Amino acid sequence: MSPYSIVIVEDNLAVQEALCDHLREQGFEVRGVDSGAALDAALAQSSAHALVLDLNLPGEDGHSIAQRMRARFPRIGILMLSAALAGAGGGARQPQVDVYLRKPAQAQALTDALRALCEAADAR
Amino acid sequence: MDLLVHEIKTPLTVIALGSKALAQAATPAQSALWEQRLQQAVANIVDILDSCSQVSRFEGGALSAEASVFAPESLLSPLIQSLCDATQAPADRIAVRYDHAQDASLPWTGSTAYLQIILNNLLGNALKYAPPESPIALQIGRLHWRGQPTQLQFAVRSAIGPAGVPDPTKVFERHYRAPSASRFSGTGLGLWLSQQLALAMGSRIHMSQEGAQLVFWFTLTEGVHAPP
């Protein structure tokens, strides 16, 4: 069985690398990019089961990316990582996002949420 | 505050992932990599807290502006060693050059605490943002003009890295960060504080671009000290 494919959009290099390595060690196929434009390029090469988006990105933020991705890929899983609580400077939760996790996200919670999203995306 | 919360939660994310990964690491190489990431994440948090503490002390009048006599060489050697140790950079990454060799040991009277913070920020930024292993130069020169007080000029030169060139109209603003600087940990407080300290010493830090290099430079004037 092919591994589930994830793309992580995170501009901080240290976090991007840590997320990528952790999820690879959990058996996912992972690509890391630093912007919405880079995500577009990555998905043009090959699709993904789920996305991990940082809400607080320079330029196009996570919510804007989620909105675009949901319109293009209705079945894709979208997980948003945010340093803020929704409604406390983090903005309202968006229906395009399947799961919100607050930073610092616990490793197991992140893995479990992504696995569930990928299984759901695969089943649709 | 939102910016600082985000900047602290970012390395905490690495710590949350790494603590589990380290326990489950299958090979010594994986263990070593996660250990390095954890140490860097902790160092990033310490830097953020130190920045906030310095700003708080400055604004509360608790940063000592006391002037003392020092030789540039004796001030710079431990500062650079400490920076290189903290960032795991090779000791010779930062080259200190004097316009005239004797300037290294000629005594100067100034606010050593303020000068140390400024140089720590400028050199620390160069280490953080310049391409890895690219050389960093600190040029120091004494300027003598007939009938004028002697001046001591400091210039930090480094290659422009992935964070790009800061907006020169905003670079010394509080919490400003260059467009792609979010790739790295930072608060946007270091250059703001450094400029405040320079102004307090009757100086001003300037930034310019020389081809593929960024230069931050400032000049101290003999006899002009920060108010106590």
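Reader: Which residues of α4(A) are buried, and what makes them so?
Author: Ala107(A), Leu110(A), Leu114(A), Leu117(A), Cys118(A) and Ala121(A) are buried. The term requires 20 or more other C-beta atoms within 10 Å of a residue's own, whereas 12 or fewer make it exposed and a count in between partly exposed; C-beta atoms are placed from the backbone. Elements such as α4(A) are DSSP runs numbered from the N terminus, with helices (H or I) of at least four residues and strands (E) of at least two. This is a predicted model, in which local features need pLDDT of at least 70 and side-chain atom pairs count only at pLDDT 80 or more, while totals for chains, interfaces and linings use all residues. Residues are numbered from 1 along each chain as its sequence is written, and chains are lettered from A and ligands numbered from 1 in the order in which they are written.

Reader: Why does the span of helix α4 of chain A agree with expectation?
Author: The expected span is 1.5 Å times one less than the number of residues. For the 17 residues of α4(A), 107–123, this gives 24 Å, and the end C-alpha atoms are 24 Å apart, so the two agree.

Reader: What makes the buried residues of α4(A) line one face of the helix?
Author: Seen down the axis, they fall within an arc of 105°, and they therefore line one face; the arc is taken over the directions from the helix axis to the C-beta atoms. An α-helix has 3.6 residues a turn, so residues three or four places apart point the same way. On the other side of α4(A), Gln108(A) and Ala123(A) are exposed.

Reader: Against which elements do the buried residues of α4(A) pack?
Author: They pack against β1 (5–9), α1 (13–25), β3 (50–54), β4 (77–82) and β5 (99–102) of chain A, together with α1 (2–24) of chain B. A contact means that two C-beta atoms, placed from the backbone, lie within 7 Å.

Reader: What order and pairing does the sheet of chain A have?
Author: The open sheet has five strands in the order β2-β1-β3-β4-β5, with parallel pairing; strands pair if DSSP finds at least two bridges between them. β2 (29–33) and β5 of chain A are the edge strands, each pairing on one side only. Neighbouring strands are turned by 20° against each other on average, direction ignored. α1(A) packs on this sheet, touching β1, β2 and β3 of chain A, and its direction makes about 175° with that of β2(A). Such angles, from 0 to 180 degrees between N-to-C directions, come from lines fitted to C-alpha atoms, for helices over the stretch in contact. Helix α2 (residues 36–45) of chain A also packs on the sheet, touching β1 and β2 of chain A at about 160° to the direction of β1(A).

Reader: How many bridges join β1(A) to β2(A)?
Author: Five bridges join these parallel strands, and Ser5(A) stands opposite Glu29(A) in β2(A).

Reader: Why is Ser46(A) called buried or exposed?
Author: Ser46(A) has 10 other C-beta atoms within 10 Å, and is therefore exposed. Ser46(A) lies in the loop between α2 and β3 of chain A.

Reader: How many residues does each chain give to the contact?
Author: Chain B and chain A give 20 residues each. On the side of chain B, the elements giving two or more residues are α1 and α2 (28–59) of chain B, and α1(B) supplies the largest share, 14 residues.

Reader: Why does strand β6 of chain B lie largely in the open or not?
Author: Of the five residues of β6(B), 206–210, the number buried is zero, so the strand lies largely in the open. β6(B) pairs with β7(B), residues 213–221, in the antiparallel sense over five bridges. In this hairpin, which has two residues between the strands, Gly211(B) takes a positive phi near 65°.

Reader: What order do the strands of the sheet of chain B have?
Author: The order of this open sheet of five strands is β2-β4-β5-β7-β6, with mixed pairing. β2 (94–98) and β6 of chain B each have a single partner strand, so one side of each is left without a neighbour in the sheet.
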